[in-house]
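The following note concerns the enclosed spaces within the protein. Please read the numbered points alongside the sequence and the structure.

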Amino acid sequence: MTVNVDVYEDCAPVEPRQFPHPTRTLRPEDDPFHTPPRGWETTAPGTILHRRPVTIGAFGLVRQPSFTAWQLLYRTSDLDGRPDSTVVTVLVPPRATGTPDRVVSFQCAIDAVSSQCFPSYALRQGSRALGAVPQFELFLIGAALERGWIVAVPDHEGMLGVFGAPREPGYRSLDGIRATLGFPELGLDPDTQVGLFGYSGGGMATSWTAEMADSYAPELNIVGAAAGSPVGDPASTFLRLNGSVFSGLPGMVVAGLRRVSPALDDALNETTTATAQRRLNALADRTTVGAVLSAPRMDWDSMMTTPLADVLARPQIVELLQSLQLGLHTPSMPMLVVQSVADPLISVDDVDGQVQRYHAAGAHVTYLRDRLSEHLTLAIFAAPLMYDWLDDRFAGRPLPASTTSTVTTVLTRRGTLPGLWRFLRVCLRMLSGRGVST
């Protein structure tokens with residue numbers, strides 16, 4: 001489904017409510033800030049509904065004093081184009097005079113259903129989110145801030161925590177960019193250059209953002225999208241990880257998707273055992289690391305009263321699984337995709353397929369495959385290369401060729417080792433509470 005944004009041109013304006021700096025860090029479902037005001041459904045996508053300053057803390061403990069942070073509740077759309085609302089956390093580094101404003105929309109690997117893992121909660125001082133991936137990704141965000149970029153971090157799963165849903169991560173991220181550009185305190189021009197970044201589940205959300213941008217938010221000046229290990233085919237990933245040591249991840253996708261797919265919810269209620277239902281409910285309340293550790297070797301075939309293959313063959317389930325596949329929409333901006341050949345979580349074949357679909361549709365994609373890294377190490381090793389690529393897009397430097405290449409390791413790429421040393425310094429400064437410098 002494509003959302004037609006033209007119908008929102010005459011939407012009613014809303015005066016965003018200014019919330020004070022919070023004295024406590026509440027889970028989103030308990031936080032009044034996350035409840036939109038009356039009449040919010042009639043506003044245009046990207047409209048700011050609430051705003052407040054917040055304090056960011058590494059692992060919820062170490063306050064980061066060197067940059068300011070705001071949270072914006074804004075109007076967006078769900079996967080069927082219905083009004084929705086979510087939050088973007090906007091982090092602003094000290095801005096040097098004369099430096100052009102550049103915004104990076106950083107799609108975190110939320111990879112969970114629990115609100116503990118939403119960036120709007122997990123990144124804040126005082127959060128209790130042990131095992132939430134955004135807490136680790138804060139250091140990558142710090143590396144972006146150190147380059148002088150404004151970083152917008154959307155809750156791209158929405159308030160329902162719909163992990164794995166098609167399209168709507170893109171809608172939410174694009175409207176988070178709209179809200180950031182329209183936030184008066186930043187004084188940004190509507191034509192400000194924007195880059196997209198994400199790895200793993202964040203790479204998948206970044207891919208959806210790139211794919212939806214041309215039809216949903218064509219006015220945005222998105223100069224490039226860097227996606228690491230972007231999944232490619234979530235249905236294939238589910239089948240491959242089912243029964244593995246990482247089976248908690250596909251379990252959480254099922255727990256999230258059933259919230260927006262009546263067909264999947266009905267199928268689960270009809271064909272799964274009471275034990276399976278309890279395990280799904282438990283996964284929905286765990287952080288990413290907690291879910292993986294609590295559900296190794298979970299095999300859906302053993303928890304169903306009907307063979308899994310028969311359930312997956314139902315027409316509505318087939319349609320749902322097909323809609324999850326990336327690469328069926330053509331990004332209008334250039335992309336960089338990086339992927340480990342030996343990745344135990346995300347199959348290189350699935351990402352190969354996503355890139356091949358992009359290339360076949362005429363998209364400009366530079367695809368780099370790494371033989372020696374695996375999933376977690378590539379997230380660190382490739383970050384400097386991905387940021388340098390975005391820096392080149394901001395600067396308007398010539399694009400590398402739209403090709404696929406395989407290297408022994410990205411560590412041999414020019415600028416990677418100095419970039420990793422730079423990243424290590426950022427990490428140490430953040431862990432010591434000194435924050436980042438630009």
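1. Helix H15 provides the largest share of the lining of the largest cavity, namely 4 residues. The coordinates under review are those of a predicted model, and the points below should be read accordingly.

2. How many cavities of 30 Å³ or more are there? The count comes to 2. The largest cavity holds about 80 Å³ of space, and the volume of the second largest is about 70 Å³.

3. The lining of the largest cavity consists of Ala143, Glu146, Arg147, Ala383, Pro384, Tyr387, Gly419, Arg422, Phe423 and Val426. Two or more of these lining residues come from each of helix H2 (133-146), helix H14 (383-395) and helix H15 (416-431).

4. As to the chemical character of the largest cavity, its lining comprises 6 nonpolar residues, 1 polar residue and 3 charged residues. Among the lining residues are Glu146, Arg147 and Arg422, which count as charged.

5. Around the second largest cavity lie His156, Glu157, Val162, Phe163, Gly164, Ala165, Pro169, Gly201, Met204, Ala205 and Trp208. Which helix gives the most to this lining? Helix H4, spanning residues 201-216, does so with 4 residues.

6. By class, the residues lining the second largest cavity divide into 7 nonpolar, 3 polar and 1 charged. Glu157 belongs to this lining and counts as charged.

Technical notes: Residues numbered from 1 in each chain as written. Predicted model: local features only at pLDDT ≥ 70, side-chain atom pairs only at ≥ 80, totals over all residues. Heavy atoms only, no water. 1 Å grid on protein atoms, 1.4 Å probe; cavity = no way out; pocket = protein on both sides within 12 Å on 5 of 7 lines; lining within 4 Å. Points joined across faces, edges and corners; volume = space filled by probe spheres on them.
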